[in-house]
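Visitor: Hello, and thanks for taking the time! Could you walk me through this one?

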Amino acid sequence: MQDDALVNYDFHCPYCDSPLTFLIDTSQGSHDTWEDCHQCCAPIQLQIIISPITGELESVVAGRDDDVL
């Protein structure tokens, strides 16, 4: 994994609204994953979209664990 494949993504927890930063590895391509909030420990679903052409982060959708993304 190259360092330029790692991207910091800033957003707010969909449960407690705490500001969060997650490190996204763009070399994994588009994928869904779950991360726990560092403040309230709630599970956050992340849908990560990586451009198949450029390999760059296109978008991230964050939702509650019971949301359907």
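Visitor: Happy to start with a single residue: leaving out residues up to four places away in sequence, what does S18 touch?

Guide: Good place to begin, and please keep in mind that this is a predicted model. S18 sits in the loop between β1 (6-12) and β2 (19-25). Setting aside residues up to four places away in sequence, its contacts are F11, H12, C13 and Q39.

Visitor: Is S18 buried or exposed?

Guide: The cut-off for buried is under 20% relative accessible area. S18 has 15% relative accessibility, so S18 counts as buried.

Visitor: How many disulfides are there?

Guide: A disulfide needs two cysteine sulfur atoms within 2.5 Å. The cysteine sulfur closest to that of C16 belongs to C40, and at 3.7 Å it is too far for a bond. C41 is in no disulfide either, since its nearest cysteine sulfur, again that of C40, is 6.8 Å away. The count of disulfides is zero.

Visitor: And C41, buried or exposed?

Guide: Here the cut-off to use is over 50% for exposed, with partly exposed between that and the buried limit. C16, at a relative accessible area of 33%, is partly exposed. C41 reaches 56% relative accessibility and therefore counts as exposed.

Visitor: Which pattern does the protein follow along the sequence?

Guide: The protein has zero helices and five strands. Reading along the sequence therefore gives strands alone, by the same assignment of zero helices. The pattern is β-β-β-β-β.

Visitor: How many bridges join strand β4 to strand β5?

Guide: Strand β4 covers residues 43-50 and strand β5 covers residues 57-64, and they run antiparallel. One of the pairings puts I49 opposite S59 in β5. The number of bridges joining these two strands is seven.

Visitor: Which residue takes a positive phi in the hairpin of β4 and β5?

Guide: This hairpin has six residues between its strands. The positive phi is near 75 degrees, and the residue that takes it is G55.

Visitor: What radius of gyration does the protein have, with its 69 residues?

Guide: The C-alpha atoms fill a box of roughly 35 × 25 × 15 Å along the principal axes. A compact globule with 69 residues would have a radius of gyration near 11 Å, and the protein's value agrees with that: 12 Å.

Visitor: Last one: what share of the exposed area do carbon and sulfur atoms supply?

Guide: Buried residues make up 29% of the 69 residues. The protein exposes about 4500 Å², and the share supplied by carbon and sulfur atoms is 47%.

Key
Residues numbered from 1 in each chain as written. Predicted model: local features only at pLDDT ≥ 70, side-chain atom pairs only at ≥ 80, totals over all residues. Heavy atoms only, no water. Buried < 20%, exposed > 50% of the residue type's maximum accessible area, 1.4 Å probe, protein only. Helix = DSSP H or I, 4+ residues; strand = E, 2+ residues; numbered from the N terminus. Contact = heavy atoms within 4.5 Å. Rg over C-alpha atoms; globule rule 2.2 N^0.38 Å. Areas by Shrake-Rupley, 256 points an atom, 1.4 Å probe, with all protein chains shown as cover. Pairing = 2+ DSSP bridges.
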